[in-house]
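The following exercises concern cysteine pairing and helix packing. Each task is followed by a solution in steps.

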Amino acid sequence: MAHRAMRKLFVICLVCAASTIIFYLISYPALGRSYGALERTLLTGDFSDSQFFQDLYNEENGVKPPVFDELSRDGGMDGSFEADEYGTKTEELEALLGVDGIENEDDYTEEPDFMDSDEGIPNDEEVAGLIADYEDDDAGIKSYNSSQNVQSENDTSSSSSGDQEKSDVKLYQNIDQRFTKRLQKVKEVCRKYNYPGMSKKYTKRHLLYYSKRYDLLVCLCAKVGSSTWKSHLLHMKGLNPNTRNVHTNYWENKVKASNIIGSSLDKRIKTSTMILTARHPLDRLVSAFRDKFCDGKAVDKPQSDGHYRYFWRPAMRSLHKGRTRHGKLQISFVDFLKYVIIDQSQSTLGDRHWSRIFRACSVCKMKYDYIMKLETYTEDLLSLRRKFNVTELNVYDKRHSKSGNNPEALETSSVSEVSRIRSSTLNYFLKVPPYLIARILKIYRVDFEMFGYEIPPQLRDMIKKRGNNSTGTHT
């Protein structure tokens with residue numbers, strides 16, 4: 001009887017194995033074609049065939065990907081948002097990167113493959129010319145904004161006989177309008193991508209910080225002014241941190257929301273004033289590279305054991321790199337971007353120093369009241385200080401800032417939206433293969449759209465040129 005049972009079990013196993021083989025033979029060619037086409041598209045930087053991405057998404061998920069609805073096509077919400085004044089138009093992102101249901105978590109589970117090619121990278125002379133053109137454009141924009149501010153100030157002074165108070169009111173009204181436009185854009189992009197993001201648990205436990213006195217909840221991402229914000233929150237608590245490193249457990253525990261509020265945090269999220277700070281994704285990546293990987297310099301050892309454990313060792317392992325022939329540790333900017341792609345191509349959040357802000361702060365799953373930007377940090381913070389009467393705030397205190405404190409910053413800067421990167425950041429990316437830039441832009445696409453940041457035209461042209469050359473079409 002036992003022998004008969006063994007025979008039945010053998011027959012069942014044989015049938016299962018045969019079924020598996022048949023299914024594999026039927027489905028493998030189709031899957032191979034799909035993923036082969038996806039790989040070719042990514043490697044060549046040719047994003048012209050957006051229909052391919054839609055088809056692939058439908059095929060794998062059985063649902064229609066998020067599309068750009070008529071409200072988004074108009075460039076705004078209720079007719080109040082002007083894309084032209086807010087950085088890269090969403091239509092330009094669509095044309096450059098395609099529509100592909102990018103925010104489905106399954107899109108990030110394949111380990112990326114990279115090409116060893118410098119094709120499409122400008123030479124040193126071309127880079128210098130592109131940087132000069134960019135700086136000329138930047139100077140022109142700043143000059144125009146400055147003239148607009150002067151005109152506004154003249155109009156105010158002529159109608160108010162030099163009344164400074166009325167001038168200040170006009171200034172703060174402009175900043176409030178900017179806050180309103182940012183929130184409108186966030187709602188638009190959240191709706192477009194069907195409210196993407198991860199669970200709120202990580203945000204609540206690790207990234208929310210609290211001021212009980214002013215009932216403020218602030219989401220702090222690394223490399224987005226987090227040190228400065230923590231210092232401000234400590235001052236609101238009546239503390240004066242006498243160290244540059246406010247990220248130690250001693251200081252963190254005094255302002256971290258999960259420690260202070262505990263089980264009532266969900267209730268506080270609904271009633272407190274919610275704030276987050278955004279930063280241009282490309283500026284943020286360069287900042288992280290310079291800080292964590294010594295700006296690409298060859299070193300004998302990392303800055304600390306923690307830097308080795310959390311940054312150098314994971315990067316070297318992911319990139320299959322060892323020490324140089326001279327026994328040094330070195331991660332180039334191209335190496336770093338490849339590591340970022342690997343790190344951000346998983347379903348987890350990845351390293352918080354370059355994780356996407358919309359995911360880290362659960363932007364589409366929590367109701368934020370104010371979206372600040374590092375590029376307009378002084379103006380934004382000054383407005384909030386006035387609105388909530390936060391007397392402890394020194395709005396000119398910027399920890400780790402290279403520009404230093406500038407009490408004249410608000411008077412000389414523009415209240416226009418800032419969406420461009422620094423020319424020094426552009427210099428890093430102009431030395432990167434176009435296919436790699438395309439992958440980075442694709443990963444941070446939602447952050448670009450949500451917070452109104454521009455993709456520099458010099459980088460867009462590199463990607464388009466690479467795509468045209470790969471398909472045999474030359475411009």
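A disulfide is a pair of cysteine sulfur atoms within 2.5 Å. The model is predicted, so local features need pLDDT of at least 70 and side-chain atom pairs count only at pLDDT 80 or more, while totals for chains, interfaces and linings use all residues. Residues are numbered from 1 along each chain as its sequence is written, and side-chain values use heavy atoms, with hydrogens and water left out.

**Exercise 1.** Determine the handedness of the disulfide of cysteine 219 and cysteine 361, and state which parts of the chain the pair ties together.

*Solution.*
Step 1. The sulfur atoms of cysteine 219 and cysteine 361 lie 2.0 Å apart, and a disulfide joins the two residues.
Step 2. The torsion about their S-S bond is about -95 degrees, so this disulfide is left-handed.
Step 3. Cysteine 219 belongs to strand E2 (residues 216–219) and cysteine 361 to the loop between H15 and E4, so parts 142 residues apart in sequence are tied together. Helices (H or I, at least four residues) and strands (E, at least two) are DSSP runs, numbered from the N terminus.
Step 4. Buried means under 20% relative accessible area, exposed over 50%, and partly exposed in between (1.4 Å probe, protein chains only). Cysteine 219, at 1%, counts as buried, and cysteine 361 is buried with 1% as well.

**Exercise 2.** Describe the disulfide of cysteine 190 and cysteine 364, and give the pairing of the bonded cysteines in sequence order.

*Solution.*
Step 1. The sulfur atoms of cysteine 190 and cysteine 364 are 2.0 Å apart.
Step 2. Their S-S torsion is about -90 degrees, so the disulfide is left-handed.
Step 3. Cysteine 190 sits in helix H6 (residues 164–192), and cysteine 364 in the loop between helix H15 (357–360) and strand E4 (370–373), 174 residues apart.
Step 4. The structure holds two disulfides, and the pairing is 1-4, 2-3.

**Exercise 3.** Explain why cysteine 221 has no bond to cysteine 361.

*Solution.*
The closest cysteine sulfur to that of cysteine 221 is in cysteine 361, and the distance of 3.6 Å is too far for a bond. Cysteine 221 is buried, at 3% relative accessible area.

**Exercise 4.** Classify the packing of helix H13 and helix H14.

*Solution.*
Step 1. Helix H13 (residues 305–319) and helix H14 (residues 333–344) pack at about 85 degrees, with axes 10 Å apart. Axes are lines fitted to C-alpha atoms, for helices over the stretch in contact, and angles run from 0 to 180 degrees between N-to-C directions.
Step 2. Angles under 35 degrees count as roughly parallel, over 145 as roughly antiparallel, 65 to 115 as roughly perpendicular and the rest as oblique. H13 and H14 are therefore roughly perpendicular.
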